[in-house]
Amino acid sequence: MRQTTTIALGLMAATLAAAPALAVDLNFGSGRQGGSQYPVTVAIAQVLEKLPGIGKISLQPGGSIGNIIRVDTGKSDIAISMSMSLRDGRHGNSPFKKKTLNAVQLMTLHAFNASAFVPADSPIKSWKDFAGKKINFAPKGYSITEVGERVLKKMGLAGKVDIGYLRIGGAVQAFKDGHIDGLFYAPSDRYGPIINLAQTRKIRLVPMENWVMDAIIKENPSFYKTTFPKAKGIYKGLVNSGPVVAYPNVILANKNRISNSQAYAIVKAVAENFDKVRVGDPSLNDFDPKDMARRVGSPFHPGAIRYYKERGWWK
């Protein structure tokens, strides 16, 4: 009897080992429908659904802060957000009520470039020249508005610049009508409203001072230095390029719900099928997949690091 039981248990174990693993469904925190993040997550989800072991992927539209909270609490397995928000969450900075330490980074994606624009013939040559002038930021509460206010404070210009808070459509029209002297926004590498502005008139980028960029990055390494625009010919009426700070979109994961092997498989699939991901946003046309491993102030999932090291992308 004991021998029979042993044989039976052995056959059962062999059968279970040979059986295919059950597919795991994923909840994917997306951007809001109509926003730029949503189609990116759709494209990524379509790539991931073809992975062995991945079942249905449910997109959960939301915002950058809400997505981080959902991932941290396990309501989403993975999500899209911004580097600034992910780092703020991990440090428990406002508006987060506690540290979101379960949320770790899988990959870095395309960035938003903190850029100030003026008419090409404007006498404004540097940020100091905005003193006494009117410049439009985004509405209060937007990340780019916080960046602009930080720049003015560092340069001793707080309270010395007339700031507007129009949405980008209204700001572009006010710029065309000459009602503002400049606008400060965070276009991606291919951002429609600024492309439109640059097609209708000559504009110029006001470079950000190097010491200001260094100070911002030292305080918050979710930023990095770059040059805007990245590619020529997209912003046709923009007469120059220059240094700016950028903060990227990131894909994050719950470190307890996504295993090392799953994280490895996810980033591998995205990196090796990136042409299918590019359809999610025109700015990804200029994105190099090796920059998925760019570090922007938050820890990466160990499974993602393993893949990036294999590719020689982890520096």
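Guide: Welcome! The expected span of a helix is 1.5 Å times one less than its number of residues. Please keep in mind that this model is predicted.

Visitor: Let's use that, then. How far does helix α5 reach from its first C-alpha to its last?

Guide: Helix α5 covers residues 143-154, which makes twelve residues. At 1.5 Å a residue, 16 Å is expected. The span in the model is close to that, at 17 Å.

Visitor: Which residues of α5 are buried?

Guide: An α-helix has 3.6 residues a turn, so residues three or four places apart point the same way. For α5, the cut-off for buried is under 20% relative accessible area. The residues that meet it are Ser143, Ile144, Thr145, Val147, Gly148, Val151 and Leu152.

Visitor: Which residue with a positive phi follows α5?

Guide: Look just past the end of α5 for a backbone phi near 75°. The residue with that positive value is glycine 156.

Visitor: And alanine 158: is it buried or exposed?

Guide: Alanine 158 sits in the loop between α5 and β6 (162-164). Exposed means over 50% relative accessible area. Because its relative accessible area is 53%, alanine 158 counts as exposed.

Visitor: Which residues does alanine 158 touch, not counting those up to four places away in sequence?

Guide: Alanine 158 follows α5 in the loop that leads to β6, and its partners belong to the stretch 143-154 of that helix. They are Leu152 and Lys153.

Visitor: How far apart are the C-alpha atoms of alanine 158 and serine 58?

Guide: These two residues are 100 residues apart along the chain. For scale, the C-alpha atoms of the chain fill a box of roughly 95 × 40 × 35 Å along the principal axes. The separation of alanine 158 and serine 58 is 45 Å.

Visitor: What is the nearest side chain of opposite charge to glutamate 209?

Guide: Glutamate 209 lies in the loop between β8 (203-206) and α8 (210-219), and it is buried. A salt bridge would need a side-chain nitrogen of Lys or Arg within 4 Å of a carboxyl oxygen, and glutamate 209 has none. At 6.5 Å away, the nearest side chain of opposite charge is lysine 128.

Visitor: Which residues is glutamate 209 in contact with, leaving aside neighbours within four places in sequence?

Guide: Contact calls for heavy atoms within 4.5 Å. For glutamate 209, that gives Ser126, Trp127 and Met155.

Visitor: Stepping back, what share of the contacts between residues at least 6 apart joins residues at least 24 apart?

Guide: The chain has eleven helices and ten strands, and 50% of its 315 residues count as buried. Among those contacts, the share that joins residues at least 24 apart is 76%.

Definitions and conventions:
Residues numbered from 1 in each chain as written. Predicted model: local features only at pLDDT ≥ 70, side-chain atom pairs only at ≥ 80, totals over all residues. Heavy atoms only, no water. Helix = DSSP H or I, 4+ residues; strand = E, 2+ residues; numbered from the N terminus. Buried < 20%, exposed > 50% of the residue type's maximum accessible area, 1.4 Å probe, protein only. Lys, Arg positive; Asp, Glu negative; His and termini not counted.
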